Amino acid sequence: MEHIIYLILIAYTAGAMVMDLISFRIPNGYILCGMAMGLISSFIREGVHGILEGIIGGIIPIILLFVLFFIKAMGGGDIKLFSAIGCFIGKSIGFILLYSFIFGGILSIIYLIRAFVKSMAYHSSNTHKDLQNSLQNNINNNSRKNSRENSRDNSQDIYKGLCYISKDKLSPLKARIHFSIAIFAGVICFIVTGYV
């Protein structure tokens with residue numbers, strides 16, 4: 001019976017991940033269904049004690065991760081997904097939190113490298129053009145005053161180009177990751193490593 005419950009947990013987490021990938025949202029109805037399934041499966045495994053264990057497992061992520069939500073470092077849907085998973089596995093949710101944050105760190109590094117490579121490609125082409133334009137403007141301006149003003153304006157444009165990327169391109173400062181991928185990997189790792 002435990003294997004079936006863990007297959008349901010994997011399928012449930014995979015469904016949440018797909019919804020997050022498609023819409024950056026995990027609907028509250030889906031979370032509530034997961035909590036109900038988790039509490040029912042906990043009851044099937046351990047009776048009334050299982051329900052209490054599931055409730056505790058559902059509360060732990062909310063308490064531990066509220067600060068991350070408050071500072072906007074983690075989305076509410078991800079915390080609620082952790083809570084639903086906690087209803088399935090009880091206090092062992094701590095292991096899934098640990099594994100998920102390890103995978104989340106790896107995923108963040110991959111996103112940062114990808115954003116850095118894209119921004120370097122974007123900046124190298126635009127910075128070169130900006131420098132050429134700046135030099136050409138300085139050569140064309142005879143007045144020393146105009147030359148200084150133009151070089152300041154162009155250098156500010158170059159500086160701005162190095163600090164951010166336009167909205168129609170890539171904006172690494174506003175990049176969001178799908179943490180549900182890390183949560184799914186954490187669930188798989190939890191089940192495979194035998195902490196069930």
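The largest pocket in this structure, which is a predicted model, has a volume of about 630 Å³. Of the 23 residues that line this pocket, the closest to its centre are Met 74, Gly 75, Gly 76, Asp 78 and Arg 176. The elements that each give two or more residues to the lining are helix H3, which covers residues 48-70, helix H4, which covers residues 76-89, and helix H5, which covers residues 93-140. When the lining of the largest pocket is sorted by the character of its residues, 10 are nonpolar, 7 are polar and 6 are charged.

One of the residues closest to the centre of the pocket, Asp 78, is a good place to look next. Asp 78 belongs to helix H4, and, with a relative accessible area of 11%, Asp 78 is buried, because a residue counts as buried when this value is under 20%. If residues up to four places away in sequence are left aside, Asp 78 touches Asp 20, Ile 26, Phe 179, Ser 180 and Ile 183.

From helix H4 the reader can move on to helix H5, where Tyr 99 is found. Is Tyr 99 buried or exposed? Tyr 99 has a relative accessibility of 13%, and therefore counts as buried, since the limit for that word is under 20%. The side chain of Tyr 99 makes a polar contact with the side chain of Thr 193, at 3.4 Å. Tyr 99 can also be compared with Val 187: these two residues are 88 residues apart in sequence, while their C-alpha atoms are 7.9 Å apart in space.

Two residues in loops deserve attention for their backbone angles. Most residues other than glycine have a negative phi. Phe 24, however, has a positive phi of about 60 degrees although it is not a glycine, and Phe 24 sits in the loop between helix H1, residues 2-23, and helix H2, residues 28-46. Lys 72 is likewise not a glycine and has a positive phi, of about 65 degrees, and the place of Lys 72 is in the loop between H3 and H4.

How exposed are Phe 24 and Lys 72? Phe 24 has a relative accessible area of 36%, so Phe 24 is described as partly exposed, a term for values between the limits of 20% and 50%. Lys 72 has a relative accessible area of 74%, which is over 50%, and therefore Lys 72 is exposed.

Methods. Residues are numbered from 1 along each chain as its sequence is written. This is a predicted model: local features need pLDDT of at least 70, side-chain atom pairs count only at pLDDT 80 or more; totals for chains, interfaces and linings use all residues. Side-chain values use heavy atoms; hydrogens and water are left out. On a 1 Å grid over the protein atoms alone, a cavity is a set of points where a 1.4 Å probe fits but cannot get out, and a pocket is an open set with protein on both sides within 12 Å along at least five of seven lines; lining residues have an atom within 4 Å of a point. Grid points are joined across faces, edges and corners, and a volume is the space filled by probe spheres set on the points. Helices (H or I, at least four residues) and strands (E, at least two) are DSSP runs, numbered from the N terminus. Ala, Val, Leu, Ile, Met, Phe, Trp, Tyr, Cys and Pro count as nonpolar, Asp, Glu, Lys and Arg as charged, and the others, Gly among them, as polar. Buried means under 20% relative accessible area, exposed over 50%, partly exposed in between (1.4 Å probe, protein chains only). A polar contact is a pair of N or O atoms within 3.5 Å; within protein, one must be able to donate a hydrogen and the other to accept it, and residues adjacent in sequence count only if both atoms are side-chain atoms. Contact means heavy atoms within 4.5 Å.
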